[in-house]
Amino acid sequence: MTVDLYQEKLGLFRTLRQLTDEIAKFTPEQLVREDEAYQRLTELLDERDELMEKIDRLDQGIGRQPQQGDSTAVQQELRAEMLRLQEQNEVVEKVLQSSLAQLRGQAKKIQDGRHSNRAYLGGAPSVEGSFIDKRR
C-alpha cells in the first residue's frame, strides 16, 4: 500500500516538473509584453498549486500508513525528482524576478512621465478661486 502511494506521489512530482518546465520556457520579455503569456503563466501556477495540495494530502496518507514493502527505490527516485524540481524552481524564480524588475522599471518611467507632465501643465485649477497677495 505504501509503495503505491509513493508511486502516485512520484507521478505527481513528474507532472509538477513538466509544468515547471513549461513555466521556465517563458522569457521575462514575454511575461511583460504578452497578455497571453501572462494568462498561461497564471494557469500553470494554479495547476501547480493544485498538484502541491494533492502531494500534501498524499504525504498525510503516507504518514498514517505503516511501512509496507520495499519503497527505498521509489523514495530515491522521489529525491532525484525533488532535486530536479528545486533546480527548475530557481530558474523560474529568476525569470519571474527579472520580469518583475522590468515591470517596476516601466511603472517608474510612466510615473516620471506623469510627474514631468504635471510640471509643464501646472496643477489642477482651483474650484474655490485664487488668493491674491496684496502685500507685494
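The accessible surface of the protein chain comes to about 10,400 Å², and carbon and sulfur atoms account for 49% of that area. The model described here is predicted. The chain holds four helices and zero strands, and this briefing moves from the chain as a whole to two of its residues and then to its largest pocket.

**Overall architecture**

- Reading along the sequence gives the pattern α-α-α-α for the protein chain.
- The protein chain has 136 residues, of which 25% are buried.
- Among contacts between residues at least 6 apart in sequence, 85% join residues at least 24 apart.

**Threonine 20**

- Threonine 20 is part of helix H1, which covers residues 2-24.
- Because its relative accessible area is 0%, threonine 20 counts as buried, the cut-off being under 20%.
- The side chain of threonine 20 forms a polar contact with the side chain of arginine 48, at 2.8 Å.
- When neighbours within four places in sequence are left aside, the residues in contact with threonine 20 are Arg48, Leu85, Gln88, Asn89 and Val92.
- Arginine 48 therefore appears both as the polar partner of the threonine 20 side chain and in the list of residues that threonine 20 contacts, a contact being heavy atoms within 4.5 Å.

**Glutamine 88**

- Glutamine 88 belongs to helix H4, which spans residues 72-121.
- With a relative accessibility of 14%, glutamine 88 is also classed as buried, because the value falls under 20%.
- Apart from neighbours within four places in sequence, glutamine 88 is in contact with Arg17, Thr20 and Asp21.
- The contact between Thr20 and glutamine 88 links a residue of helix H1 with a residue of helix H4.

**The largest pocket**

- The largest pocket contains about 150 Å³ of space.
- Its lining consists of Leu31, Val32, Glu34, Asp35, Tyr38, Leu41, Leu96, Ser99, Leu100 and Leu103.
- Three helices each supply at least two residues of this lining: helix H2 (28-33), helix H3 (35-64) and helix H4 (72-121).
- Helix H4 gives the most to the lining of the largest pocket, namely four residues.
- By character, the lining residues comprise seven nonpolar, one polar and two charged.
- The two charged residues are Glu34 and Asp35, and the polar one is Ser99.

Terms used
Residues are numbered from 1 along each chain as its sequence is written. This is a predicted model: local features need pLDDT of at least 70, side-chain atom pairs count only at pLDDT 80 or more; totals for chains, interfaces and linings use all residues. Side-chain values use heavy atoms; hydrogens and water are left out. Buried means under 20% relative accessible area, exposed over 50%, partly exposed in between (1.4 Å probe, protein chains only). Accessible areas come from the Shrake-Rupley method with a 1.4 Å probe; for residues, only the protein chains shown count as cover. A polar contact is a pair of N or O atoms within 3.5 Å; within protein, one must be able to donate a hydrogen and the other to accept it, and residues adjacent in sequence count only if both atoms are side-chain atoms. On a 1 Å grid over the protein atoms alone, a cavity is a set of points where a 1.4 Å probe fits but cannot get out, and a pocket is an open set with protein on both sides within 12 Å along at least five of seven lines; lining residues have an atom within 4 Å of a point. Grid points are joined across faces, edges and corners, and a volume is the space filled by probe spheres set on the points.
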